[in-house]
Amino acid sequence: MTPEGLLFDAAIAGAGPAGAACAAVLARAGWRVLLADASMEHGARIGENLPPSVFHLLAELGLRDAVRADGHRACPGGWSCWGGGRAEASDTLRHLQGDGVQLDRARFDERLRSSAVQAGVQLRPSTHLQIDQPAAGSEPHLLRARPAFGEAERLATRWFIDATGRSATGARRLGARRERHDTLIAFHQRLESAGHGDCDRGRDRDGRTWIEAVEDGWWYSVLLPGGERVVSFLGDADLVDHRALLAGDGLWRKLQAAEHLRALCTSHGYRPAALAQGADACSSELDRAAGHRWLAVGDAALAFDPLSSKGIGNALYTGLCAARSILAHDGGDAQATARYASHLRAIHHAYRTQLAAVYAQERRWAGKPFWARRHARAPSGHEARPSPAAATLA
């Protein structure tokens with residue numbers, strides 16, 4: 001038996017943007033919500049951009065002005081070398097929502113979690129949620145909350161929401177299967193300026209998102225809020241030497257083949273300030289993002305190539321949609337969560353078509369494996385698609 005005090009209307013595993021957004025909406029509807037944050041710490045993440053188009057989602061959460069005032073670095077647009085040797089730039093001067101921002105992710109995530117707590121959500125830091133027994137009929141899901149320190153606790157919830165990221169631990173435990181559509185992987189490294197850190201005249205002020213295609217993948221770079229720069233190489237996991245890129249100056253040495261980004265880093269005296277790290281960056285989705293009184297949100301439900309600019313926007317959007325679907329289901333609409341799952345499948349299908357069209361624009365290395373794979377997926381009429389510089393990446 002589970003004590004009545006440990007019975008929740010909704011328990012959410014993962015307290016990133018998707019989980020926090022979902023939790024806040026449900027709590028404001030009067031639900032008893034548990035938000036379990038499995039992270040032990042919230043340090044710096046690699047540079048992530050919040051495009052102007054995402055601010056309407058923050059407005060729905062009542063956070064647009066607060067995020068604007070939180071001191072994130074403005075991102076006035078993008079720069080790319082894609083589809084040819086000449087660089088192309090874009091700006092956000094005419095966007096109704098103004099500039100995008102380069103996020104201080106720790107600050108942004110804390111803003112969302114704090115908003116959820118203010119709405120009445122019970123936040124459990126450094127706690128993993130484990131499903132002991134899935135819901136059956138009208139019986140709740142039986143869970144085990146495992147804090148980093150202390151004893152595990154048994155609890156129950158009417159609804160379970162998986163916001164655990166690409167691992168989708170809870171959803172897979174409930175029978176969902178992850179479908180991967182490519183093998184993209186990201187290697188990223190933080191850089192500091194050795195020669196211009198204290199010289200205002202020479203300081204790097206380019207807040208745009210940089211994209212540069214190379215023969216075996218592409219590079220991404222942004223200026224972080226603290227003045228450092230992050231660089232990231234994206235290639236296919238089976239085509240790159242992981243060990244070489246992660247060892248010593250391996251990623252930094254590879255950067256020297258990226259003509260434009262290398263010149264930017266050299267002009268400001270950048271050098272590696274931390275070890276390179278790797279992360280999954282493939283396009284993937286669950287075969288179903290909802291089931292009997294459970295849903296998946298954010299990267300747990302569907303994950304995107306960083307070229308698409310959909311990371312944070314997807315997290316907020318799916319978190320909001322999931323909460324509304326759950327409330328509609330409880331209000332008598334028995335098909336609400338099934339429609340949510342179908343909607344996400346349609347989104348990912350359309351995204352993959354658009355992504356293939358953008359990759360198809362780069363023809364300089366058409367015979368190389370990385371590009372040949374992506375050209376094989378390209379739809380007809382791709383010439384009219386926007387280049388990476390026309391979008392802001394997340």
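Me: How do the residues lining the largest cavity divide into nonpolar, polar and charged?
Reply: Happy to walk through it, bearing in mind that this is a predicted model. The lining of the largest cavity consists of Glu285, Leu286, Ala289, Ala301, Leu302, Ala341, Leu344 and Arg345. Glu and Arg count as charged, while Leu and Ala count as nonpolar. The division is therefore six nonpolar, no polar and two charged.

Me: Which element gives the largest share of that lining?
Reply: Two elements, strand S19 (284-286) and helix H10 (336-360), each supply at least two residues of the lining of the largest cavity. The largest share is three residues, and its source is H10.

Me: How much space lies in the largest cavity?
Reply: Counting cavities of 30 Å³ or more gives one cavity. The space in the largest cavity is about 40 Å³.

Me: Which residues touch the most other members of the largest nonpolar core?
Reply: In general, nonpolar side chains of soluble globular proteins tend to be buried together. Here the largest nonpolar core has 89 residues, and helix H1 (residues 17-28) gives the largest share of this core, nine residues. Leaving out residues up to four places away in sequence, Leu316 touches Pro17, Ala21, Val54, Leu57, Leu58, Leu61, Phe108 and Leu112. The members that touch the most others are Leu50 and Leu316.

Me: How many residues are in the other core, the one with Trp210 and Tyr270?
Reply: This core lies apart from the largest nonpolar core. Its members include Trp210, Val214, Trp219 and Tyr270, and its size is 22 residues.

Definitions and conventions: Residues numbered from 1 in each chain as written. Predicted model: local features only at pLDDT ≥ 70, side-chain atom pairs only at ≥ 80, totals over all residues. Heavy atoms only, no water. 1 Å grid on protein atoms, 1.4 Å probe; cavity = no way out; pocket = protein on both sides within 12 Å on 5 of 7 lines; lining within 4 Å. Points joined across faces, edges and corners; volume = space filled by probe spheres on them. Helix = DSSP H or I, 4+ residues; strand = E, 2+ residues; numbered from the N terminus. Core = buried A, V, L, I, M, F, W, Y, C linked by side-chain atoms within 4.5 Å. Buried < 20%, exposed > 50% of the residue type's maximum accessible area, 1.4 Å probe, protein only. Contact = heavy atoms within 4.5 Å.
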